[in-house]
Amino acid sequence: MAYWSWDSSYDIGIEDIDNQHKKIVQYINELHEAFISKDKNIVRNTLSDITDYIVSHFSFEEDLMREAEYPYFMHHKNIHETFISNVGKYKIAFNEGQDITGQLMAELQIWLTQHIMHDDKAYKECVQNLLKKKNKKTGLFEKFFKK
Ligand SMILES: [Fe+2]
């Protein structure tokens, strides 16, 4: 059974973001499998994949928040940065030979759940308005040029 299963209460209602969050949950499950395998190379690779994915997900969110002129953008970006630097500390500890995987998985799960449920849901409306405007523009564009 998976370490962590997606729950529909995590949905924020923006499809791309929800899919990326689901992918992160999937990565945490991969980290769990790597942890069980006790193979340090697999753990190292999974740690690096999960970090890369989270960094790109955060920058995707930040681009949308910036474009939507979300008033708490800087606050949210700071939370992302603190999170990435915490994960970085775990990676350093791992490279120094400490067995941090179990603790990291637990922290990732708690942190991400809280972040999605509170911080990400807080920008939802603002970003949804931006996406609606964008879709309208695309719709008009297509109508005009497809004649
Ligand atoms: Fe976020």
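**Entry 1: the second largest cavity**

I began with the lining of the second largest cavity, which has six nonpolar residues, one polar and no charged ones. This is a predicted model, so I read every value here as computed. The residues around this cavity are I50, T51, I54, F83, I84, V87 and L108. Helices α2 and α3 each give two or more residues to that lining. The space inside comes to about 40 Å³.

**Entry 2: the largest cavity**

Next I asked how many cavities of 30 Å³ or more the structure holds. I found two. The largest cavity has about 50 Å³ of space, and its lining is made of F83, N86, V87, Y90, L104, E107, L108 and W111. Here α3 and α4 are the elements that give two or more residues. By class I noted six nonpolar, one polar and one charged. F83, V87 and L108 appear in this lining and also in that of the second largest cavity.

**Entry 3: the nonpolar core**

I then turned to the largest nonpolar core, which has 35 residues. Those touching the most other members are I28, I54, L104, L108, Y123 and V127. Two or more core residues come from each of α1 (15-37), α2 (40-67), α3 (73-95) and α4 (101-145). The largest share, eight residues, belongs to α4. A handy background note: in soluble globular proteins, nonpolar side chains tend to be buried together.

I followed Y123 a little further. Setting aside neighbours within four places in sequence, Y123 is in contact with I12, I14, I17, E61, M65, Y70 and H76.

**Entry 4: the iron ion**

Two of those contacts, E61 and H76, turned up again at the iron ion. Which residues are its protein donors? I listed E61 (OE), H76 (NE2), H80 (NE2), H115 (NE2) and D120 (OD), at 2.1 to 2.4 Å from the ion. Along the sequence their spacing reads E-x14-H-x3-H-x34-H-x4-D. H76 in helix α3 and H115 in helix α4 are 39 residues apart, so this pair links distant parts of the chain. I checked both, and H76 and H115 are buried.

**Entry 5: Q20**

Is Q20, in helix α1, buried or exposed? Q20 counts as buried because its relative accessible area is 14%, under the 20% cut-off. Beyond its neighbours within four places in sequence, Q20 is in contact with Y53, H57 and F60.

**Entry 6: the largest pocket**

Last, I looked at the largest pocket, with a volume of about 180 Å³. Its lining includes A34, F35, K38, D39 and K40. I counted four nonpolar, three polar and four charged residues there. Both α1 and α2 supply at least two of them.

Terms used:
Residues numbered from 1 in each chain as written. Predicted model: local features only at pLDDT ≥ 70, side-chain atom pairs only at ≥ 80, totals over all residues. Heavy atoms only, no water. Core = buried A, V, L, I, M, F, W, Y, C linked by side-chain atoms within 4.5 Å. Buried < 20%, exposed > 50% of the residue type's maximum accessible area, 1.4 Å probe, protein only. Helix = DSSP H or I, 4+ residues; strand = E, 2+ residues; numbered from the N terminus. Contact = heavy atoms within 4.5 Å. Donors = N, O, S within 2.8 Å, 3.2 Å for Na, K, Ca; no water. 1 Å grid on protein atoms, 1.4 Å probe; cavity = no way out; pocket = protein on both sides within 12 Å on 5 of 7 lines; lining within 4 Å. Points joined across faces, edges and corners; volume = space filled by probe spheres on them. Nonpolar A, V, L, I, M, F, W, Y, C, P; charged D, E, K, R; others polar.
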